[in-house]
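Me: I have a two-chain model open here and would like to go through it with you, one question at a time. Could you keep each answer short and finish on the thing I asked for?

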Amino acid sequence: MFDHGQPSYAEVNKDILSVMLETGPRYWMLLGTTMSVAVIFFFMPWFYQLIVGVGAAGMNRNAYWGTYLSNFIFWIGLSHSGTLLSAILHITNSPWRKSVYRSAEAMTLFSLMTAALFVMVHLGRVWFVHWSFPIPNQMGLWPNFRSPLMFDVMAITTYLTASSIFIYMGSVPDFAAVRDASTGLRRRLYTIFCFGWRGTAREWHTLGWAYTFFAVFVIPLAVSVHSIVSWDFALSIVPGLHHTIFAPYFVCGAIYSGTAGIVTVMYCLRKYLNFERYIGQVHLDNLGKLLIALSLIWSYINILELFSTWYGGSSFELEALKFKLTGFYAPLYWEMILFCAFVPLLMFFRKFRWSWNKMLVISILINIGMLTERFIIVATSQPRKFLPNAFGFYFPSWIEISITIGSFAIFATLFLIFIKWVPAISIYEVKETLKPLRRDA
Amino acid sequence: MKWGNDLSTFVEKFRQYLKPGYYDEFDYHWTMTIDLDRCTGCEACVVACQAENNLPIVGEKRYAQNREIKWIRIERYWEGEYPDVKMGFIPMLCQHCDAAPCEIACPVFATYHNQDGLNTQIYNRCIGTRTCAVYCPYEVRYFNWFTYTWDEPLEQQLNPDVTVREKGVMEKCTFCIQRIRLAKDNAKDDDRRRVRDGEVVPACVQSCPTEAMAFGDSNDPEAKVSKMMKDPRGYTVLEELNTTPSIVYLKKAHAES
């Protein structure tokens, strides 16, 4: 579990809280950079687009969905591993989960928020977005519950709420630890945040069953969310999107890219927050094994999709498939296959699975592959629908590309804010894994 | 008290709806037939639609970006190689499908099916998710990528009966719903129950020089469209998708060679 010797209880508190309580100039510089990148690359182009109209993006007739929607799916996908993985590992009692899960769940939360922003950017008249919520109004109008987009609204708000509560609930004892370690305003704030946690047996008991209850609740929710996102596509009759396999395909792809995202985040936490003691070989090894399994499932589903399209023999489907495999975006398609199906096979070798640097590269490649996967789904199916006269082409404009870059800065900003407000590793659960009654070495 | 009244009205209405023949008596099923044998591809309908429905002129640049707005367009298809080439064309407009794929897509009911069998689009309700356009197999939905303006004095020719759409709104053929409404109002004023056949003429039908298009209520067996629909040449586009369109095309007859 611990690569560099087991820390004492006091050291755990000190190590993890010091990240929160001591802020150097490097942090502020980093935060300033990410914030300004977010403003310049995301919010300013978006503001321009709001004034001009969605025409500022590269979408056109018969490619009505573009990078905004593919990025939305990407970020939802990235959110999938955190809470889901944490919940599954909690129920199966895996001890290696304990030092990883807090940041993974934070990743869930922040990528969901970024995804929600992309919906806003995508909409033609975002100022009326509240119409898609079932709010009683004087117009007597109600949203359309037959619409897969409406399922989306419901699923994502539920998932966002559930995962916020899940991460908050798990952090309550740690907030108490922050309260005990701080003075002044922070102490008063964290007294409120931790609901006056005292650490009595009764409180631990309540937290325990509530947490398990939520873990059980969150697992089907996470599966349903990405299934529903896939139905945005699968419920259409567009060739190349109208596949039954889409729900498992998306769920698997989501967990896949999310797990790769966790590896990336773990690397950064370890490297820049000095958590080498808590995030060790065992985590990397287990995540690597999980990634291999997911990549194999993902490849299988991809082969299945190609096969069933070919076997179905519908001329519309075959035309869309031809465009995907040999058209303008074919290089992107084969890049995706390389990064998501072949590169992860390297992790069968322990040499790759045990090396942080190699795993970082693999995890980033997987996520580039997944980003392209979503782009290909959006960009190759719509231009080849039914009527050959309306065949078109889609290429993102510079505004879409800039907003895509900016979204990563938004995610980074949120994460940087998070590490100063919440202990990035669960203090009390790391202590559970220590051997009790250990004197200082 | 009031609640009781509402309930009894509701029950009464519901009983009326259940009566056999109610829909045939009170509802219309607007249908169009397009005879491809007569169509010359002159695009008069395209121009007429542009004038009637306040369609914006998007300009050359945006046309090249595939962002033009044409509620009715003439699709051209070629068959064969150069010396032995055959060209065919087909006017393509909203098919007002009875089982419309676009209608389930809208989260806010901006597009829905009305009693007349029309697939309607409410511009003011649209939030611009563009899902309806993605779901539409005929690609006849058009999006306002920008707010378009009309140069002086072109804004003088805008039709006062039709909304001018702003950016971020989806639009499409309405079967000239403003003319349908007018005809219905006139019928009501004359104490008639139903609109007479030929009373509603959409702009495209009106402007067709060869009278290739016919428009009317297919619930009325005596209407011109009902007779045209029975023509053995009749077919609907992309029939295998089971969208049950309200536009029946009459196939071009080829001489036996």
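Me: Which residue stands opposite B:I34 in β10(B)?

Reply: Happy to start there, with a note that this is a predicted model, in which local features need pLDDT of at least 70, side-chain atom pairs count only at pLDDT 80 or more, and totals for chains, interfaces and linings use all residues. Residues are numbered from 1 along each chain as its sequence is written, while chains are lettered from A and ligands numbered from 1 in the order in which they are written. Strand β1 of chain B, residues 30–35, runs parallel to β10(B) and is joined to it by 4 bridges; strands here are DSSP runs of E with at least two residues, helices are runs of H or I with at least four, and both are numbered from the N terminus. Opposite B:I34 in β10(B) stands B:Y249.

Me: Which residue of β9(B) stands opposite B:Y249?

Reply: β9(B) and β10(B) pair in the antiparallel sense, over 2 bridges. Two strands count as a pair if DSSP finds at least two bridges between them. The residue opposite B:Y249 here is B:Y235.

Me: Which residues of β10(B) point the other way from B:I247 and B:Y249?

Reply: In a regular strand the side chains alternate between the two faces of the sheet. In β10(B), B:I247 and B:Y249 point one way, and these two and their opposite-facing partners are all buried. Buried means 20 or more other C-beta atoms within 10 Å of the residue's own, exposed means 12 or fewer, and partly exposed lies in between, with C-beta atoms placed from the backbone. Pointing the other way are B:V248 and B:L250.

Me: Is B:E139 buried or exposed?

Reply: B:E139 lies in the loop between α6 (131–135) and β6 of chain B. Its phi is near 55 degrees, a positive value in a residue other than glycine. Because 22 other C-beta atoms lie within 10 Å, B:E139 is buried.

Me: How many other C-beta atoms lie within 10 Å of B:L238?

Reply: B:L238 also has a positive phi without being glycine, near 50 degrees. Its place is in the loop between β9 (234–235) and β10 (247–250) of chain B. B:L238 is partly exposed, and the number of other C-beta atoms within 10 Å is 16.

Me: What is omega for the peptide bond from B:E152 to B:P153?

Reply: B:P153 lies in the loop between β6 (142–143) and β7 (170–171) of chain B. The bond from B:E152 to B:P153 is cis, with omega near -10 degrees.

Me: Which element gives the most to the side of chain B that touches chain A?

Reply: 35 residues of chain B are in contact with 34 residues of chain A, contact meaning C-beta atoms, placed from the backbone, within 7 Å. The elements giving two or more residues to this side of chain B are β2 (73–79), α5 (101–105), α6 and β6. With 4 residues, the one that gives the most is α6(B).

Me: Which residues have the most contacts inside the largest nonpolar core?

Reply: A nonpolar core is a set of buried Ala, Val, Leu, Ile, Met, Phe, Trp, Tyr and Cys residues joined through C-beta atoms within 7 Å. The largest one has 172 residues, and its largest share, 14 residues, comes from helix α9 (residues 246–272) of chain A. The residues with the most contacts inside this core are A:F72 and B:M213.

Me: What radius of gyration does chain A have?

Reply: Chain A has 16 helices and 0 strands. The globule rule, 2.2 Å times the number of residues to the power 0.38, gives 22 Å for 441 residues, and chain A comes close to this, so it is as compact as a globular protein of that length. Taken over C-alpha atoms, the radius of gyration of chain A is 23 Å.

Me: What is the mean pLDDT of chain B?

Reply: The model scores ipTM 0.87 and pTM 0.91. pLDDT is the predictor's confidence in each residue, from 0 to 100, and 95% of the residues in chain B reach 70 or more. The mean pLDDT of chain B is 89.

How values were computed
Two residues are in contact if their C-beta atoms, placed from the backbone, lie within 7 Å.
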